[in-house]
Amino acid sequence: MTSPGILPSHQRYLNGVPIPVARKSLRMREKYIIVLVFLTFGMVCFGAFFFLPDLRDRVTVTDIRRQMQMGGEEIFNPGHNAIHLDNHGDLIDVHKIDDKAKIGAKIAEDWARQKAIEELSNKLQMPKEDTLKVKQEIEQEKQKHKEQERVKEMAIEEERKKQALEQVHKEHEGGDGTKGGEPSDPAVKQKRDKVKEMMKHAWDNYKKYAWGENELRPISKKGHSASIFGSSSLGATIIDALDTLYIMGMDQEFKDGRDWVATNFHFEGSTELSVFETNIRFVGGLLAAYALSGDKMFKEKALSVADKLLPAFNTPTGIPYAMINIKTGSTRNWGWASGGSSILSELGSMHLEWDYLSNVTGNGVFAEKVYKIRNFMNEIEKPMGLYPNYINPKTGKWGQHHTAIGALGDSFYEYLLKMWIQSGKTDPVSRKMYDDAVDAIEKNLIKTSPGGLKYIAEYKSGRLEQKLDHLGCFSGGMFALGSQGSSNPQKYVQLGADIAHTCHESYDRSATKLGPEAFRFDDASEAKAVRQNEKYYILRPEVLETHFYMWRFTREQKYRDWAWEAVQALEKHCRTDGGYTGIRDVYQENPQQDDVQQSFFLAETLKYLYLIFSDDSLLPLDKWVFNTEAHPFPINYVFKSNGVPVTVPVSAPVPVAVQAS
Ligand code: DMJ
């Protein structure tokens with residue numbers, strides 16, 4: 001018998017009948033084809049073994065998110081440690097080893113499962129299919145139970161966070177140091193009562209003539225609003241005044257203000273307003289009212305305001321724009337600010353409010369924004385160690401090299417120090433930034449006039465301007481406050497005292513005993529305004545703020561005396577029967593009045609005066625830190641990403657890699 005062969009061969013025919021051909025071996029071509037078929041088969045098996053995904057261990061979106069949350073270099077460089085050397089020093093790919101092991105484990109697991117079902121069905125004397133069904137039902141039950149356990153655990157975790165938050169709130173809200181502080185000396189008490197009466201006069205008239213408006217025109221006896229507040233009546237004076245009313249024990253007034261906020265304050269419908277002013281006055285005022293009273297309504301309102309400001313931070317650097325339209329969310333900077341730059345004092349005065357807000361709401365988005373700014377400003381190169389007043393939020397490059405501790409710069413420095421204080425002095429980054437900034441200011445800007453007055457000059461594109469703003473007078477208090485934790489406390493209390501003295505001189509050298517908006521140190525005059533447009537006084541607090549800190553740090557009577565001089569001057573030149581007004585020229589015996597009662601007069605000026613004549617137990621400085629609008633926040637709140645406040649600083653987000661020139 002001949003074998004038919006597995007492949008076609010050349011058939012021969014005789015008279016049309018095929019002749020059977022017997023062949024001993026295959027032809028060459030046939031051999032090649034057979035080899036090729038085996039090779040292909042081998043490769044398919046090889047490919048399946050090494051490259052088919054293991055369906056059981058599929059990677060999910062949740063896995064990816066978890067990986068990203070865990071952070072680490074491997075997110076961006078996943079293969080960086082996948083290649084290892086084996087015992088012989090040859091390269092091996094650990095992923096392949098891993099795959100093999102997984103396949104092996106899966107086969108073993110399937111086999112074990114089969115076996116277990118067989119054993120079980122033998123025991124139960126059931127057919128295999130039924131045993132399988134029972135097993136599946138048991139599995140489903142187990143899954144259900146697991147899910148219920150997971151939900152339970154989540155609820156317990158949520159409860160734990162809530163309780164932790166509430167515990168921290170309890171420790172900080174209300175309670176000691178938020179009321180009282182009555183001085184034992186009756187003469188001092190009398191002065192304090194006078195300040196309280198001034199507050200009542202300012203408040204009552206606002207309530208009578210401008211309730212719900214932003215500010216009061218005390219002479220025209222009607223409402224007033226500056227462009228910083230946008231187009232709506234947002235009750236700026238009410239919100240700025242709440243905490244002052246609270247600490248003064250003006251309970252009915254506080255309640256009236258509280259009820260207005262609860263029913264009428266809706267942060268919407270307004271057009272374009274200042275991100276900075278809205279933050280320091282509204283977010284700050286509402287949060288302080290919450291911190292003092294524990295009334296959660298204030299916290300909710302603060303959150304509603306801050307939420308609307310968020311789009312201002314959508315810049316490549318995280319540095320916010322100055323203005324925001326809260327209807328449309330559109331943002332912009334002022335053209336006059338070095339070609340559309342953001343302003344140092346504004347971008348740097350968000351931290352205290354937003355960090356605290358994140359802590360009391362458990363929503364980390366606010367803290368993340370301000371840490372991003374803080375880190376960016378830390379990383380950026382500073383000309384001569386100084387921070388210029390302007391920076392472009394898109395490119396991260398400095399604008400005009402103009403540095404000042406007064407207007408445009410002031411509260412940036414204040415917040416560096418206070419971030420550290422707010423953290424319970426545990427945040428070394430902010431402290432170092434503050435110390436370095438003060439070093440650079442000392443080296444480059446602090447001068448002494450021929451008459452012996454210390455002041456902080458302004459640096460403007462290569463030259464010094466011998467001028468100090470009223471706004472810059474806050475720095476005396478800041479230096480004293482920063483003396484704690486510095487390498488030379490005595491030196492900084494002294495610097496604070498020197499600035500306090502100079503600023504007091506600017507008051508004392510005027511006819512009204514109130515200080516001008518800015519004063520110069522030229523040959524002809526010292527601590528006096530020279531230009532007409534620098535001679536006004538608009539009820540600003542900064543000089544009294546410094547007297548307050550100096551009083552607390554030194555106990556020197558002169559600070560109380562200087563504060564009292566200011567009370568008398570305010571009563572003489574600024575009090576009207578419809579409230580308090582600013583004046584146009586401090587050097588005139590009978591100055592013209594500007595007919596505006598600024599909201600910060602109630603928030604800051606009267607608060608600092610009241611505190612100067614109070615005992616230290618009212619808002620003690622180791623428990624409270626004031627924002628730049630004098631709104632007090634509790635110390636020791638530091639944001640942590642799980643929403644639970646702790647007393648150690650968060651490791652802040654990495655700054656974006658934009659460099660300034
Ligand atoms: C207040 O709104 C704040 O103190 C701010 O930091 C600077 N200007 C005014 C008061 O002068």
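This passage describes the ligand site, the pocket that holds the ligand, the enclosed cavities and two backbone features of a predicted model.

In the predicted structure, the ligand is surrounded by Ile280, Arg281, Leu471, Arg540, Pro541, Glu542, Phe600, Glu604, Thr628 and Glu629. By class, this shell comprises 4 nonpolar, 1 polar and 5 charged residues. Oxygen atoms of the ligand take part in polar contacts with side chains of the shell: a polar side-chain atom of Arg540 lies 2.6 Å from a ligand oxygen, an N or O atom in the side chain of Glu542 lies 2.7 Å from a ligand oxygen, and a polar side-chain atom of Thr628 is likewise placed 2.7 Å from an oxygen atom of the ligand. Taken alone, the ligand exposes 290 Å², of which the protein buries 92%. Two elements, helix H9 (275-293) and helix H20 (599-612), give two or more residues to the shell around the ligand.

The ligand sits in the largest pocket, for which a volume of about 1,200 Å³ was computed. This pocket is lined by 49 residues, and those closest to its centre are Glu277, Ala407, Leu471, Glu517 and Arg540. Leu471 and Arg540 also belong to the set of residues that surround the ligand. Two or more lining residues are given by each of H9, helix H11 (344-347), helix H14 (410-422), strand E15 (458-460), strand E17 (467-469), strand E18 (518-521), helix H18 (542-554) and H20. The largest share of the lining, 4 residues, comes from H9, a helix that also gives two or more residues to the ligand shell. Divided by class, the lining of the pocket has 20 nonpolar, 9 polar and 20 charged residues.

Enclosed space was examined as well. Rolling a probe the size of a water molecule over the atoms shows where empty space is left. A search of the whole structure finds 3 cavities of 30 Å³ or more. The largest cavity has a volume of about 70 Å³ and is lined by Leu347, Gly348, Met350, His351, Val370, Ile373, Arg374, Met377, Phe412, Leu416, Met419 and Met433. Helix H13 (365-379) and H14 each supply at least two residues of this lining, and the largest share, 4 residues, comes from H13. The lining of the largest cavity has 9 nonpolar, 2 polar and 1 charged residues.

The second largest cavity contains about 50 Å³ of space, and its lining is formed by Val275, Phe276, Pro320, Tyr321, Ala322, Ser342, Ile343, Glu346, Leu347 and Met350. At least two residues of this lining are supplied by each of H9, strand E10 (342-343) and H11. The residues divide into 8 nonpolar, 1 polar and 1 charged. Leu347 and Met350 appear in the linings of both the largest and the second largest cavity.

Two backbone conformations were also noted. Most residues other than glycine have a negative phi, and most peptide bonds are trans. Ser461, although not a glycine, has a positive phi of about 40 degrees, and this residue is found in the loop between E15 and strand E16 (463-465). Leu539, which is not a glycine either, has a positive phi of about 65 degrees and lies in the loop between strand E19 (526-528) and H18. Of the elements that flank these loops, E15 and H18 each give two or more residues to the lining of the largest pocket.

Terms used:
Residues are numbered from 1 along each chain as its sequence is written. This is a predicted model: local features need pLDDT of at least 70, side-chain atom pairs count only at pLDDT 80 or more; totals for chains, interfaces and linings use all residues. Side-chain values use heavy atoms; hydrogens and water are left out. A residue is near a molecule or strand if one of its heavy atoms lies within 4 Å of it. A polar contact is a pair of N or O atoms within 3.5 Å; within protein, one must be able to donate a hydrogen and the other to accept it, and residues adjacent in sequence count only if both atoms are side-chain atoms. Accessible areas come from the Shrake-Rupley method with a 1.4 Å probe; for residues, only the protein chains shown count as cover. On a 1 Å grid over the protein atoms alone, a cavity is a set of points where a 1.4 Å probe fits but cannot get out, and a pocket is an open set with protein on both sides within 12 Å along at least five of seven lines; lining residues have an atom within 4 Å of a point. A molecule sits in a cavity or pocket if more than half of its atoms lie within 2 Å of its grid points. Ala, Val, Leu, Ile, Met, Phe, Trp, Tyr, Cys and Pro count as nonpolar, Asp, Glu, Lys and Arg as charged, and the others, Gly among them, as polar. Grid points are joined across faces, edges and corners, and a volume is the space filled by probe spheres set on the points.
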